[in-house]
Amino acid sequence: MASRVSSGNQTITAFTFWLASSALLLWPLFLNGSPFLFYDSVAYLQFGQKIWSFVVGVSTSQETAAAATAPLSASPLESAELDTLLMGGRSYFYSLFIWLANVAGGYSTIAIAQALWIAMALQLTFRALGIADPIWRLSGVALLSLATPLALFVCTVMPDVFAAVAPLAVIVLLSRGQRMAWPEKAFWLFSLFFAVLFHKAFLLLALVTLAFTYVVVIWRKWATGQRALLILATIGFGISAEVMVQQAAQSATGKQLVSPPFLLARGIGDGTIPLVLQRDCPGAALPPWAACAFLSELPMTENEAIWGAGGWTSLPPTIRIAVVDEQLVLLGTAAANAPLLQIRASLYNFTTQIVTSDVTELAQSGIPGMITSEGPNAAGNAAYANSALMQGQFPLSALSAFWQALYLIATSASLAILARGRPSFANRLPGLAPMLGLILASLLASAAITGIIAGPFGRYQARIAWLSMLVLFTLGTHYRTQIVEHRQRPD
């Protein structure tokens, strides 16, 4: 009987601290008076609305019916949609997730749902890292909420907040899965499944993390074969689900699914593809590349190559399809034509990305006409229009500079501590130091993926930057515990 009471008390305590952790992650929502909306937020919401309307067969209200048939001018990706093409690039699953949350209670419900999800992930991460005291776990959430951009991304209607979930799930499952209860394991597999569905970059990050984590766990001689297969199966199910939904969308609409040529845009931004176009296109009776259509617009940035007036979205559908189909071949040709230029550009993008954690890009979403006229929730639109950010009263620039400095400090300090060798508490917590090193390595992997493929944007590293503070907090907590235990020993 006593054990049942104790178990019940532990459950209540865990539930209470989970809710408290969620609340700590929501301070930007309360300070701003509204969740944060980015360029793509409205397009995600409208996309989710269209999916839901299609699934149920009817719109959920007169307002949603009107919005579902309205032109999607909120985003170039959606406004470029023509009768013959179905534009890809949006996650069907994240769009539906936030739309259902919005239907349940408005834009703020999206932030609350994300906070509950991330708070649970943090509690289980602390457990895997050997931090058992609930007070210290709550202190860790408070630190991550205030000293990193984590809470800001929790309160932003974008999938960015799940960027770190994918590598964390892989690392925790491989290193601690053997002693993990099935409900906890199911949560991590569930989170990994949806993280890879929420964004293609998260899928790549999960695969890269799985590769280097598996190398480490083999070296450490941890029994991981079944868990690695389970992780691969989860990622595979995610890929299969995305493919099936895409096929269903094409069948239902009769349109061809085409995603923007982000790799080609990166090559244009790096300067390698323009060299090939300037060499091959002028004077050719038949253009050797569909991308010759960009020649008159050069030079272009990567964003202009897709969204600009003379970019990909302005081309006829047949040319857009051809550009997408040839981008890998063109990129390879460009890299072979100017390998040193490509290497320099990629190294620059990577190194710039790893040291840049900037969130001021979110302030650029302050386009009142876009949000208030296109957002599919009139009350949420009004709240956002009157938010502190839109009124110029939210200290986003100051917070961004503060978080950037702490990110560099936490990353440098964590690397310095781990580089000194085996921590003194390692005997008490075997496998912890490699886990922390793997978490830091996922920061490098993220910078490589986003920097080299998409280009160095501060938001991309900022959304995962809190992992370095997590590592530093874990190291500090265990060193403190060791000191306390040493002082309590009898002489």
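In which helix is the place of Ala419? Keep that one in mind while we set the scene. This is a predicted model, in which local features need pLDDT of at least 70 and side-chain atom pairs count only at pLDDT 80 or more, while totals for chains, interfaces and linings use all residues. Residues are numbered from 1 along each chain as its sequence is written, and side-chain values use heavy atoms, with hydrogens and water left out.

**Exercise 1. Locate Ala419 and describe its surroundings.**

Step 1: Ala419 has its place in helix α21, residues 396–419. Helices are DSSP runs of H or I with at least four residues, strands are runs of E with at least two, and both are numbered from the N terminus.

Step 2: Ala419 has 66% relative accessibility, so it counts as exposed. The cut-offs are under 20% relative accessible area for buried, over 50% for exposed, and partly exposed in between, using a 1.4 Å probe and protein chains only.

Step 3: Gly437 is 18 residues away from Ala419 along the chain, and their C-alpha atoms are separated by 9.4 Å.

**Exercise 2. Describe the chain as a whole.**

Step 1: Count the elements: there are 24 helices and two strands.

Step 2: Look at burial: of the 491 residues in the chain, 52% are buried.

Step 3: Turn to contacts, meaning heavy atoms within 4.5 Å. Among the chain's contacts with a separation of 6 or more, 80% come from residues 24 or more positions apart.

**Exercise 3. Check the length of helix α13 and find its buried residues.**

Step 1: The expected span of a helix is 1.5 Å times one less than its number of residues. Helix α13 (residues 225–253) has 29 residues and should therefore span 42 Å; its end C-alpha atoms are 42 Å apart, which agrees.

Step 2: List what is buried in α13: Arg227, Ala228, Ile231, Thr234, Ile235, Gly238, Ala241, Glu242, Gln246 and Ala249. Here is a helpful idea: an α-helix has 3.6 residues a turn, so residues three or four places apart point the same way.

Step 3: Pick out Gly238, which counts as buried because its relative accessibility is 3%. Leaving aside neighbours within four places in sequence, Gly238 is in contact with Phe193, Val196 and Leu197.

Step 4: See what comes after the helix: Gly254 follows α13 and has a positive phi, near 70 degrees.

**Exercise 4. Work out how α15 packs against α14 and α17.**

Step 1: Two packed helices are described by the angle between their axes and the distance between the axes. Axes are lines fitted to C-alpha atoms, for helices over the stretch in contact, and angles run from 0 to 180 degrees between N-to-C directions.

Step 2: For α14 (residues 262–270) and α15 (residues 272–280), the axes come within 4 Å and cross at roughly 85 degrees. The two helices are therefore roughly perpendicular to each other. In these terms, angles under 35 degrees are roughly parallel, over 145 roughly antiparallel, 65 to 115 roughly perpendicular, and the rest oblique.

Step 3: At this contact, Leu264, Gly267, Ile268 and Asp270 of α14 meet Thr272, Ile273 and Pro274 of α15.

Step 4: Now take α17 (residues 317–337), whose axis comes within 8 Å of that of α15, crossing at roughly 95 degrees. So α15 is roughly perpendicular to α17.

Step 5: On the α15 side, Thr272, Ile273, Leu275, Val276, Leu277 and Arg279 meet Leu330, Leu331, Thr333, Ala334 and Asn337 of α17.

Step 6: Buried in α15 are Thr272, Ile273, Pro274, Val276 and Leu277. Their cover includes α14, α17 and α18 (339–355).

**Exercise 5. Find the disulfide and the cis peptide bond.**

Step 1: A disulfide is a covalent bond between the sulfur atoms of two cysteines. The rule used here asks for a pair of cysteine sulfur atoms within 2.5 Å, and the count comes to one disulfide.

Step 2: The disulfide joins Cys281 to Cys292, with an S to S distance of 1.9 Å. The torsion about their S-S bond is about -75 degrees, so the disulfide is left-handed.

Step 3: Both Cys281 and Cys292 are buried.

Step 4: Leu298 and Pro299 are joined by a cis peptide bond, with omega about 0 degrees. Pro299 is found in the loop between α15 and α16.
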